[in-house]
Amino acid sequence: MEDNIFENIAKKYDNPQRIELANIIANRVKEELADAGDKTLIDYGSGTGLVGLQLAGLVASATLIDAAENMVAIINEKLASHPLQNVSALVSDFTADTIPVKADIILVSLVLLHIPDTKIILEQLYKALNENGKLIIVDFDKNPQISHPKVHNGFVAAELEELLAQTGFKNTTIEVFHHGNNLFMNQDASLFIATSSK
């Protein structure tokens, strides 16, 4: 496996800016989970659980999954000091591994921009969803000011909607819900939430 930058930054990941952004995202995603008390949730690319741990109380069970072992280790440390009976964490890379679990709802928050082939990860997420399941994507609108060899510079809503449709997803809605200064690689940026059903 190539060197994962997230393995190296895991211990310093929970800084005030990331926590503030995670709170904004979690509060918006909570609206999508209003009637999800009997549902299972996967937070894929969960990092240290900044968003996923806030959502656990709204679902029957939550599985926080990240490809970086050090990120998952930090989630497990958090769970050791504040146990949540319905939360588990595991290491998995959906782009490389067979998918270890399935769920009714999958959240990918600020994850797609780090995955080179968006279509492949959407196909894997589709497989990981139960029938009639729901995919929730939170990411940045495309920003031409940003250029980085390993990160997408955001997404155009119409293009993402087309990719989701090609993958088999239905009923996609995309809404911008937050705009902030220096949010994305020190550039002002807008966050969108996309919801789709299987």
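Which helix holds the place of Ala157? Ala157 sits in helix H6, which covers residues 157-167. Helices here are DSSP runs of H or I with at least four residues, strands are runs of E with at least two, and both are numbered from the N terminus.

## Before we start

This is a predicted model, so to speak a computed one: local features need pLDDT of at least 70, side-chain atom pairs count only at pLDDT 80 or more, and totals for chains, interfaces and linings use all residues. Residues are numbered from 1 along each chain as its sequence is written, and side-chain values use heavy atoms, with hydrogens and water left out.

## Back to Ala157

Ala157 counts as partly exposed, because its relative accessibility is 32%. On this scale, buried means under 20% relative accessible area and exposed means over 50%, with partly exposed in between (1.4 Å probe, protein chains only). Along the chain, Ala157 and Ala194 are 37 residues apart, and their C-alpha atoms are separated by 8.5 Å.

## Helix H2

Helix H2 takes in residues 16-32, which makes 17 residues. The expected span of a helix is 1.5 Å times one less than its number of residues. For H2 that gives 24 Å, and the end C-alpha atoms are 25 Å apart, so the two values agree. At the N-terminal end, Asn15 acts as a cap: one of its side-chain oxygens lies 3.1 Å from the backbone nitrogen of Gln17. Such a polar contact is a pair of N or O atoms within 3.5 Å; within protein, one must be able to donate a hydrogen and the other to accept it, and residues adjacent in sequence count only if both atoms are side-chain atoms.

Which residues of H2 are buried? They are Leu21, Ala22, Ile25, Ala26, Arg28, Val29 and Glu32. Their cover includes helix H3 (52-55) along with strands S4 (103-109), S5 (129-140), S6 (170-184) and S7 (187-197).

## The second largest pocket

The second largest pocket holds about 170 Å³ of space. Of its 13 lining residues, the closest to the centre are Asp35, Ala36, Lys39, Ile105 and Lys134. A pocket is found on a 1 Å grid over the protein atoms alone, as an open set of points where a 1.4 Å probe fits, with protein on both sides within 12 Å along at least five of seven lines; lining residues have an atom within 4 Å of a point. Grid points are joined across faces, edges and corners, and the volume is the space filled by probe spheres set on the points.

H2, S4 and S5 each give at least two residues to this lining, and S5 has the largest share, with four. By type, the lining has four nonpolar, two polar and seven charged residues. Here Ala, Val, Leu, Ile, Met, Phe, Trp, Tyr, Cys and Pro are nonpolar, Asp, Glu, Lys and Arg are charged, and the others, Gly among them, are polar.

## Strands S2 and S3

Strand S2 (residues 61-66) includes Thr63, and Ala62 lies in S2 as well. Thr63 is buried because its relative accessible area is 12%, and Ala62 is buried because its value is 1%. Contact means heavy atoms within 4.5 Å. Leaving out residues up to four places away in sequence, Thr63 touches Leu41, Ile42, Asp43, Ser88, Leu90 and Val101. The C-alpha atoms of Thr63 and Ile42 are 4.8 Å apart, with their places 21 residues apart along the chain. Under that sequence limit, Ala62 touches Leu41, Ala56, Asn86, Val87 and Ser88.

Val87 belongs to strand S3 (residues 87-91). Is Val87 buried or exposed? Val87 counts as buried, because its relative accessibility is 12%. Beyond four places in sequence, Val87 touches Leu53, Ala56, Ala62, Leu64 and Leu79.

## Two asparagines with positive phi

Most residues other than glycine have a negative phi. Asn132, in strand S5, has a positive phi near 65°. Asn132 is exposed, because its relative accessible area is 65%.

Asn182 is found in strand S6, and its phi is also positive, near 55°. With a relative accessible area of 52%, Asn182 therefore counts as exposed.
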